[in-house]
Every structure is written in structure tokens, then in C-alpha cells.
Amino acid sequence: MEKKKLLSKNYILLMLSGLVVSFGYSMIAPLVTSYGVALGAGLTAAGALTGIYSIAALAIRPFSGYASDVFEKRNICILSTVLITLAMLGYCIAPGIRAMFAVRVLHGIAFGIQGTVNIAILYDYVPRERLAEGIGYYSLGQVVSQVCGPGLGIEIKDRFGYKQLFWIITIMSVLAIFFILLTDKKEEGEEKKMPAVKKRGVPFSFGKIIAIPCIVYALIGGLFSLENGVVNSFLLLAAEEKGIDGISLFFTLNAAVLFGIRMTVGRIVDRHGLTAIVNVSLVTSMAAMAAVGGGNCLWIMLAAAVLKAVGQGTGQISLQTACMKRVDAAKVGIATSTFYIGADLGQGLGPVICGKISERFGYEIMFYAVAVLMIIACLGFNLYQRRTCRGRQDDNKNPEEKEGKMKAEAST
């Protein structure tokens, strides 16, 4: 069998489509609340515009993974990108705050589907032994858009206004559709080579929307999203309270290091064991949160920015790759959506819970609490890995019993 190269035509086109969509999201993200106010909404309703997007994306995640496994991934990818384009058009023509809520729900649903299926389709586009490397390069687009998108969106809005910004992003989204349409369709006989689930006659169950073997990895991966959400929400306030100037450099340095990590981490993950990499990522994340909590000068905060980038950059890619490798090819979509559910929960619940902690005990204790959570997760992860390895050894000793389990799972 001929080894597929990583930078194939389909892979590059998928990267370009994902980059355009991520840029569109990042350009709008910092302006949603202010645009809601401009439409006449109060601060509470305008703030809810941001939250409703995340809720919609979280709600659709399990079903998007199921759909990408049951139906042809490319078609789902095209559909979701079309829905994103319609949502962008909705931003342009929405007459008031009520219509904007509907647009935000549509955007969240479409983005939740597209984010899941794009990662799942990478499984078809890159060699399995270079899967982490492929995901790492793909995620570079998200890093670039997060760094450049907000500033670019604000600049366009200040010069031309909200409506013109939304029209520009709508045109960009049409370009994303064009990139996906240029990818090759799956050959008719290709699907038969994979142990796919039956399209019809299979009863719907919890296991059809959640990859149970991936739950632990998804929850631990969600901790990195929690860490990210807490830092984005409270670091500026904490630095102001401590009198630290120039804290914006934290985000710049973090993004620069994260970009470098994503360029190289895929090769490391593909060549080394999951346990060691995740341990390093959790320990460095713990050190980053401890430094942020106890640091009283800029250089400590910048050191924390580097540690955070190392932990997040290595941990998320390795756990996401492990989720996809823990299931067969027919359930890659479900594994991807399961991982993203953990990320959505961490990103959404983290600032809320940690906000309560900061109100009662202060920012320092809040960041220390996140650091302690990382250590607890590290201990739990290692216990789970030992149990998993022991279970695999037992299966190898009893191949007949393992075969029976596989048949039982297939029948359900």
C-alpha cells in the first residue's frame, strides 16, 4: 500500500477552508456584545448573544459527530460551511436583537458541526501514523486567526461600520465553500474498505453520539480549555489589581510560542507515548497557573505565558489524536465530537465557576485552584492509563474473550 503524503491537495484545501471560517469567527467575536448594544439591547441581553452561540455549539456537538460517521463527511462539511455563510448573511440583514439571537444560534450550530467534521475528515486525508502532525498543522489556522482576527475585525468596523464588516466575512465564507467543493469526492468503493456502521436499521443509543472510550481524554482536554477561558476572562483584572503593566505581552508571547509548538508537536506526539506527553503538559500548565496566581511582576507572567503555551499546545493535540485512534474508522466523527464536548464544557463552565471562587477568595486563590485541579487530573490520568494498559494486557492473554466482546459491541 502506497504511503499517502501529508500535504495533499485535499488536506491543503481543507486547511484553507478552516482558516477562512476561523478568521470570520475571530473577526466577529469581540464585537458581538457591542453590536447588540448598537441594536438597542441592554447589556444583559447583549452579553447573552455571546453565550447563546456556545450553548448552541455544545448542544449540536454529539449529533454532528454521529452525522459525520453515518453520512459522507465531505457532504456534511459542505452543508455546515453553507450554513455558516447563511449565518454571516444573517448578521448583515438582521433587523433587531431578536433576529440576532436566531442568527447566533444558527452560527453556533453550523460552527459546531463544521469544527467537528473538519477534524474527522482529516482522518481520511492524512496518513494514520502522521495524524497528530496533520491536526497540529491544521490547528495553526486557528492560532493565526485568534491572534490577527480580532484586531482586523475591529479595524474594519471602525473604518467602515458593522454591516460592511459582516458583508466582507460573508464573502470570505463563500470562498470557504469554494475550497471544500474543490476537494475530491470519496470513491465509490472506498467506503467499503472501512468498517463503517450500517446506515439504516441501527437503533439510536448513547454510544452512537458519545465515544465512551474517549470520555476521560475529553475531560482532561477540557481542562486546557478551562485554563484558557479563565486566563482570558480574569488575567487583565488580576494584573490590574497587582499593578502589573504591559500584561498584554502575555497574550502576544503565548500566541507566538503556541504557534511554534503547533508547528512541531505533531511529530513528537506521533513518535512518543501519550502518557509522558500529557504528564508534561499537565505539569507545565499547573506551573503556569501557579505562576500567574503568585506572580507580582511582568517577567513571571511572561514565563507563565510560555509554560501555558507548552502545556496547552502539547496536551490538546495529543489527547485529540488519542481519541481518534481509540476508535475504529467508522466512529472517528463521534470521537472528535466527544473531545470537543469536553473543550466546550471547560471553556463555558470554567469562567463561571472560577468567577465565583474569585469573588469569595480573590484572583490568586482562583488561579491556585486551577493549578491544583491540573495536579488532580494528572494523578487521575495516570491511574486511568495504568488501568487501560492492564486491560489491554488481559485482552491479549484472552483473545477469545476479546473477540466475544467485540462481537457483542458490534451487535449493539
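**Group meeting talk: a chain of helices**

Let me begin with helix α8, where there is a kink of about 50°, centred on Phe234. I should say at once that this is a predicted model, and everything that follows should be heard with that in mind. Helix α8 runs over residues 215-242, and because each of its 28 residues should add 1.5 Å, a span of 40 Å is expected, which agrees with the 38 Å that separates its end C-alpha atoms. Just after α8 comes Gly243, whose phi is positive, at about 75°.

Stepping back to the whole chain, the secondary structure amounts to 14 helices and 0 strands. Of the 412 residues in the chain, 49% are buried. If we take the contacts between residues at least 6 apart in sequence, 86% of them join residues that are at least 24 apart. The chain exposes about 19,700 Å², and carbon and sulfur atoms supply 65% of that area.

Now to the interior. Which residues have the most contacts inside the largest nonpolar core? They are Tyr11, Leu14, Leu282 and Leu319, in a core that has 51 residues. Helix α5, residues 97-125, gives the largest share of this core, with 8 residues. Another core, of 28 residues, lies apart from it, and includes Ile28, Leu49, Met88 and Met100.

Leu14 deserves a closer look: leaving aside neighbours within four places in sequence, Leu14 is in contact with Cys77, Asn118, Ile121, Leu122, Tyr125, Tyr138 and Ile180. The last of these, Ile180, is found in helix α7, which covers residues 162-181. Is Ile180 buried or exposed? Its relative accessibility is 2%, and because buried means under 20%, Ile180 counts as buried. Not counting residues up to four places away in sequence, Ile180 touches Leu14, Ser17, Arg74, Cys77, Ile78 and Thr81. Ile180 also lies 8.4 Å from Asn10, C-alpha to C-alpha, although 170 residues separate the two in sequence.

Helix α7 also holds Thr170, which is buried, with a relative accessible area of 7%. Again leaving aside neighbours within four places in sequence, Thr170 is in contact with Thr85, Met88, Leu89 and Cys92. With Met88 there is a polar approach to point out, since a polar atom of the Thr170 side chain lies 3.3 Å from the backbone oxygen of Met88. Met88, you will recall, is among the residues of the 28-residue core.

Note on methods: Residues are numbered from 1 along each chain as its sequence is written. This is a predicted model: local features need pLDDT of at least 70, side-chain atom pairs count only at pLDDT 80 or more; totals for chains, interfaces and linings use all residues. Side-chain values use heavy atoms; hydrogens and water are left out. Helices (H or I, at least four residues) and strands (E, at least two) are DSSP runs, numbered from the N terminus. The expected span of a helix is 1.5 Å times one less than its number of residues. The bend at a residue is the angle between axes fitted to the seven residues ending there and the seven starting there. Buried means under 20% relative accessible area, exposed over 50%, partly exposed in between (1.4 Å probe, protein chains only). Contact means heavy atoms within 4.5 Å. A nonpolar core is a set of buried Ala, Val, Leu, Ile, Met, Phe, Trp, Tyr and Cys residues joined through side-chain atoms within 4.5 Å. A polar contact is a pair of N or O atoms within 3.5 Å; within protein, one must be able to donate a hydrogen and the other to accept it, and residues adjacent in sequence count only if both atoms are side-chain atoms. Accessible areas come from the Shrake-Rupley method with a 1.4 Å probe; for residues, only the protein chains shown count as cover.
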